[in-house]
Amino acid sequence: MKRVDDFRLTLGKKELVPLIIGGMGVDISTAELALEAARLGGIGHISDALIHDVSDRRFDTAFVKDKTRFYKHNIDNSDKSIIRFDLGYLAEATRLHVGRTMEAKKGDGMVFVNIMEKLTMNGPRETLQVRLNSALDAGIDGITLSAGLHLGSFALMAEHPRFRDAKLGIIVSSVRALQLFLRKTARLERLPDYVIIEGPLAGGHLGFGMDWAQYDLATIVAEVAQYLKAEHLDIPLIAAGGIFTGTDAVRFLETGSAAVQLATRFTVAKECGLPEKVKQEYFKASEEDIIVNTVSPTGYPMRMLRNTPAIGSGIRPNCEAYGYLLDGSGGCAYINAYNAQIALHPDGKNISVMDKTCLCTHMRNYNCWTCGSLTYRLKDTTRRLADGSYQELSAEHIFRDYQFSVDNQVLLPT
Ligand SMILES: Cc1cc2nc3c(=O)[nH]c(=O)nc-3n(C[C@H](O)[C@H](O)[C@H](O)COP(=O)(O)O)c2cc1C
């Protein structure tokens with residue numbers, strides 16, 4: 001019977017344990033979590049979502065405070081179009097987070113950064129360009145392009161000296177999205193080094209509509225593999241979404257995936273950025289508690305726990321502090337939803353906004369409990385303590401369980 005450790009992922013000259021911890025913003029996939037994956041010979045992701053805030057918390061900078069002070073006069077204005085991100089600060093925050101993480105790296109694995117195109121930051125092109133190039137400047141091993149089609153992203157870093165040497169990959173949920181990407185980047189003569197195929201059971205935003213349940217990861221992986229074969233393209237495929245045990249992973253590794261990307265099991269790791277209280281909510285969840293809804297202003301469906309505090313919260317849009325989802329003309333679907341409620345309740349007191357949520361603020365405060373579809377099985381991966389709470393696990397324990405377990409078994413902590 002095979003186990004994950006019988007396989008290796010080859011990326012350039014590197015031979016890696018074929019386990020990747022996926023990017024989870026905002027600082028849910030912390031540097032500490034990513035570094036553990038790298039130490040153990042796999043790949044870990046950090047995320048550049050709300051990078052200024054991450055830098056402030058980790059390195060005592062004051063990017064968010066300074067920006068809030070600068071735009072303070074606009075807080076009561078529903079027009080957010082004047083809010084801009086200082087590109088110099090953006091570069092500085094990215095270089096700090098990525099650079100410090102890379103300095104701390106040990107072992108034979110790699111650390112990548114997850115960069116979401118949907119964080120349009122009221123200046124989609126110029127901010128993305130700075131994010132990508134600053135991450136390369138700071139020595140990141142690789143960049144995973146996510147949450148968007150990224151049709152122009154490779155071109156934005158094509159002049160960087162590390163463009164052909166850093167590992168660059170993309171997350172897609174269909175063969176069509178990959179075809180579009182490859183067509184658009186063909187003139188750069190630079191293929192992605194890996195393609196992550198994220199199925200409908202993943203956490204975070206889904207690359208499907210509300211009909212997500214009609215899709216199946218194994219089928220999409222097979223379609224993508226067939227397409228690449230027909231095109232004579234040799235790009236490692238990485239399956240993601242709902243891979244809960246080492247045995248699940250082996251099933252994908254035996255059928256053409258070069259590695260698997262995981263997240264849900266690691267949300268309850270000590271190194272994961274979620275507060276202890278929120279980790280307990282993930283452990284406690286039952287299958288019915290896990291829902292997919294459309295409250296994210298990005299327009300993508302998102303999976304989360306039913307009791308997520310972000311749902312129905314009517315806080316004032318906080319774009320002066322954050323504003324990462326502003327679309328380039330100062331728009332965000334939450335601002336519209338909020339304004340519609342204010343029109344009905346002009347005193348602004350006790351309002352509840354059901355259809356959208358202020359995702360920046362709630363992700364920042366760990367109040368949007370996004371999760372994978374198998375979160376309800378986390379309780380079976382640990383022990384219950386005398387006080388009724390569940391024991392947190394180490395990232396190493398979870399990683400090694402994936403690497404060495406057989407027969408659908410999950411090793412409980414000692
Ligand atoms: C809490 C959480 C947050 C996530 N945030 C992001 C994100 O910011 N960007 C992204 O590309 N994927 C995100 N994902 C998706 C994961 O990186 C990963 O591909 C997927 O969840 C793997 O499936 P699994 O959770 O069933 O193991 C998130 C997943 C979880 C569970």
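The following exchange concerns the strands, one helix and the ligand shell of a predicted model.

Me: In what order do the eight strands of the barrel close?
Reply: The pairing in this barrel is parallel. Neighbouring strands of the sheet are turned by 25° against each other on average, with direction ignored. The eight strands close in the order β3-β4-β5-β6-β7-β8-β10-β11.

Me: Which residue of β4 stands opposite Ile21?
Reply: Strand β3 covers residues 19-21 and strand β4 residues 43-47. The two run parallel and are joined by two bridges. Opposite Ile21 in β4 stands Gly44.

Me: Which residue of β7 is the bridge partner of Ile143?
Reply: Strand β6 spans residues 142-146 and runs parallel to β7, with four bridges joining them. Strand β7 itself comprises residues 167-172. The bridge partner of Ile143 in β7 is Leu168.

Me: How many of the six residues of β7 are buried?
Reply: A residue counts as buried if 20 or more other C-beta atoms lie within 10 Å of its own. By this criterion strand β7 is mostly covered. The number of buried residues among its six is five.

Me: Which residue of β8 stands opposite Ile170?
Reply: On the way from β7 to β8 the pairing is again described by bridges: four of them join the two strands, which run parallel. Strand β8 consists of residues 194-198. The residue of β8 opposite Ile170 is Val195.

Me: Which residue of β10 stands opposite Ile197?
Reply: Strands β8 and β10 pair in the parallel sense over four bridges. Strand β10 holds residues 237-240. Opposite Ile197 in β10 stands Ala239.

Me: Which residue of β11 is the bridge partner of Ala239?
Reply: Ala239 is found in strand β10. Three bridges join β10 to β11, and these strands run parallel. In β11, the partner of Ala239 is Val260.

Me: Why does Ala239 count as buried?
Reply: The threshold for a buried residue is 20 or more other C-beta atoms within 10 Å of its own. Both faces of β10 are covered, with Leu237 and Ala239 buried on one side and Ile238 and Ala240 buried on the other. Ala239 counts as buried because its C-beta neighbours inside 10 Å number 28.

Me: How far apart in space are Ala239 and Ser257, C-alpha to C-alpha?
Reply: Along the sequence, Ala239 and Ser257 are separated by 18 residues. In space, their C-alpha to C-alpha distance is 6.3 Å.

Me: Which residues come nearest to the ligand?
Reply: There are 30 residues around the ligand. By class, this shell has 14 nonpolar, 15 polar and one charged residues. The elements giving two or more residues to the shell are β5 (110-116) and β11 (259-262). Those that come nearest are Gly22, Ser146, Gly203, Gly204 and Gly372.

Me: What span should helix α4 have at 1.5 Å a residue?
Reply: Helix α4 contains 17 residues, 87-103. The expected span is 1.5 Å times one less than the number of residues. The end C-alpha atoms are 24 Å apart, which agrees with the expected span of 24 Å.

Me: What arc do the buried residues of α4 cover around the axis?
Reply: The buried residues of α4 are Leu90, Ala93, Thr94, Leu96, His97, Val98 and Thr101. They lie on the same side of α4 because the arc they cover around the axis is only 165°.

Me: Which residues are exposed on the other side of α4?
Reply: A residue is exposed if 12 or fewer other C-beta atoms lie within 10 Å of its own. On the other side of α4, the exposed residues are Gly88 and Glu103.

Me: Which strands are the edge strands of the open sheet?
Reply: Three strands form this sheet in the order β9-β13-β12, and the pairing is antiparallel. Each edge strand pairs on one side only. The edge strands are β9 (204-205) and β12 (290-293).

Me: Which residue of β13 stands opposite His205?
Reply: Strands β9 and β13 run antiparallel and are joined by two bridges. From β13, Met302 and Met304 point one way and Arg303 and Leu305 the other, and all are buried. Opposite His205 in β13 stands Met302.

Me: Which residue of β13 is the bridge partner of Ile290?
Reply: Strand β12 pairs with β13 (residues 302-305) in the antiparallel sense over four bridges. Between these strands, Val292 has Arg303 as its bridge partner. The partner of Ile290 is Leu305.

Technical notes:
Residues are numbered from 1 along each chain as its sequence is written. This is a predicted model: local features need pLDDT of at least 70, side-chain atom pairs count only at pLDDT 80 or more; totals for chains, interfaces and linings use all residues. Two strands pair if DSSP finds at least two bridges between them. Axes are lines fitted to C-alpha atoms, for helices over the stretch in contact, and angles run from 0 to 180 degrees between N-to-C directions. A residue is near a molecule or strand if its C-beta atom, placed from the backbone, lies within 6 Å of it. Ala, Val, Leu, Ile, Met, Phe, Trp, Tyr, Cys and Pro count as nonpolar, Asp, Glu, Lys and Arg as charged, and the others, Gly among them, as polar. The arc is that of the directions from the helix axis to the C-beta atoms.
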